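These are my notebook entries from a first walk through a new structure. Come along and look things up with me.

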Amino acid sequence: MSELIDNSRHRIETLKEIIRSLHKGADPESVTQEFGELLAEVGVSEIAAMENALMSEGMPQEEIQRMCDVHAAVLGGAAPHGPTEVPAGHPVHTFRLENEKISEILGQYGRAVEGVASGDSASAVEDWRTAHRELSGVEVHYLRKEYLVFPYLEKAGIAGPPKVMWGVHDEIREKIAAAGEVLDNVDDLDGDALRLTIETVVNPMLEQVSGMTDKEDRILWPMTLEHVSARDWEAVRSQWDEFGKGLVESAGVWLPVLPELPEKPVEVPKDDAITLPSGHLSLRQLTALLNTLPMDLTFVDADDRVGFFSEGEDRIFARNRAIIGRRVEDCHPPKSVHIVDQVVEDLKSGRRDVAEFWIQMEDRFVHIRYFGVRDPEGSYLGTLEVTQDIAPLRKLEGERRLLAELPETESTV
């Protein structure tokens, strides 16, 4: 056993040196020839360990991401090492079916683009539009990887590969959007400009999407099958539909055989922890969180009495704790009581799910919304009032994708 461990460590260290040399400009073909025998023995777990180690030693994620296609080509021999077979209905089985569908769409997309580039624009452009629309379905595929699969890999101690792959997803999203812009403006491009744009914008997108399906099938899915437990795969399956309709339907119903867990003593939550379906917060955290939201919240219960309000530093409408338990109609001036009663009654009866108003208050543009709060069975629990000054939001234009510089602090000297 110790010999196996030592051999694995040796392969991981050698992999790190190979990747470092590739990043310094070594020829991938010569590296493959030199280390071909060792690469043939590499398993997907060792690839994950190598990427984790390089990132922990300071190699930026973006640098690994930049060279990931070269890495995949050199490490291609690692693919057979690791679990591969899964029953129909298992999430990995469905992911693989989606990759087959993606490859099919890419073929259609490529043929359509070739037709447009060669001048057969009438039918080819329409085929291109159809293929582009179908390829947009890859977004759900990537979202399921990012939000359902990657958390369980990270839980298993594999953080590097998910970060790198997510970064490539974002590159692909940008390339698909750019290809869509070319498609939208295809009638404005002459033959030479169109062919150049296809070569420099569209074809790289097709190659990167195809490369991603290859990396998934050869490396990611064997890696996940080796490290993600049946119980975690069941959690993935149970949340599958939350991301909408994917590229294909599951080919069956997968029911995992879950190991029985030993009974554990009930642990009393510490620090007044409040356990919620999607996590837990201490009372201190919850209070601070609600008061940090950039909006004012007031909750009126099913008996029309004020049950809660947030206490942010810059409330729009004043509140004080004396109103807790007070009837909501007693908290408003007589001239507006009939509106409040109508709103609450409409939300309570189900005639409305939301009622909204907006008013100008000097330099503030105040947006007020009332939501009917209901449990999963639809029973009315109360009304939530959300008030927000949206004047700053109305001034936003364009995009901001980078963190803005903080304003310089004025000197008090």
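**Entry 1: a covered helix**

What covers the buried residues of α11? I am working from a predicted model, and there I found that the cover includes α6 (91–117), α8 and α10 (191–227). I then listed the buried residues of α11, which are Asp-232, Trp-233, Glu-234, Ala-235 and Val-236.

I picked Glu-234 for a closer look; it sits in helix α11, which spans residues 230–238. The side chain of Glu-234 makes a polar contact of 2.9 Å with the side chain of Arg-237. I also checked for partners further along the chain: setting aside neighbours within four places in sequence, Glu-234 is in contact with Trp-254 and Pro-256.

**Entry 2: a histidine in α8**

Next I turned to α8, one of the helices covering α11's buried residues. I looked up His-141, which lies in this helix, residues 138–155. Is His-141 buried or exposed? I noted a relative accessible area of 0%, so His-141 is buried.

Which side chain does the side chain of His-141 join in a polar contact of 2.6 Å? I found that the partner is Glu-98. Glu-98 also appears among the residues that His-141 touches, together with Phe-95, Asn-99, Ile-102 and Glu-216, when residues up to four places away in sequence are not counted.

**Entry 3: α8 against α9**

I stayed with α8 and looked at how it packs with helix α9 (residues 160–184). The angle between them is about 170 degrees, and their axes are 10 Å apart. An angle over 145 degrees counts as roughly antiparallel, so that is how I describe α8 and α9.

I wrote down some of the residues that meet here: α8 brings, among them, Tyr-142, Leu-143, Tyr-147, Phe-150 and Leu-153, while α9 brings residues including Met-165, Trp-166, His-169, Ile-172 and Ile-176. Charged residues take part as well, including Glu-139 and Lys-145 in α8 and Arg-173 in α9. How many residues of each class does the contact have? My entry reads 11 nonpolar, 1 polar and 5 charged.

**Entry 4: the sheet**

Then I moved on to the strands. I found an open sheet of 5 strands, in the order β4-β3-β7-β6-β5, with antiparallel pairing. Its edge strands are β4 (306–309) and β5 (354–361), each of which pairs on one side only. On average, neighbouring strands of this sheet are turned by 15 degrees against each other, direction ignored.

I followed one pair in more detail. Strand β6 (residues 364–374) and strand β7 (residues 380–389) are joined in the antiparallel sense over 9 bridges. For Arg-374, I found the bridge partner in β7 to be Tyr-380. I also saw a helix packing on the sheet: α13 (residues 334–349) touches β5, β6 and β7, and its direction makes about 40 degrees with that of β6.

**Entry 5: an aspartate in α13**

For my last stop I chose Asp-346, in helix α13. Its relative accessibility is 6%, and because buried means under 20%, Asp-346 counts as buried. Not counting neighbours within four places in sequence, I found Asp-346 in contact with Arg-351 and Arg-352. With Arg-352 there is a side-chain to side-chain polar contact of 2.9 Å.

How far apart in space are Asp-346 and Gly-372? I noted 8.8 Å, C-alpha to C-alpha, for two residues that are 26 residues apart in sequence. Gly-372 falls within the residue range of β6, 364–374, one of the strands that α13 touches.

Methods:
Residues numbered from 1 in each chain as written. Predicted model: local features only at pLDDT ≥ 70, side-chain atom pairs only at ≥ 80, totals over all residues. Heavy atoms only, no water. Pairing = 2+ DSSP bridges. Helix = DSSP H or I, 4+ residues; strand = E, 2+ residues; numbered from the N terminus. Axes fitted to C-alpha atoms, helices over the stretch in contact; angles between N-to-C directions. Contact = heavy atoms within 4.5 Å. Polar contact = N/O pair within 3.5 Å; in protein donor to acceptor, adjacent residues only side chain to side chain. Buried < 20%, exposed > 50% of the residue type's maximum accessible area, 1.4 Å probe, protein only. Parallel < 35°, antiparallel > 145°, perpendicular 65-115°, else oblique.
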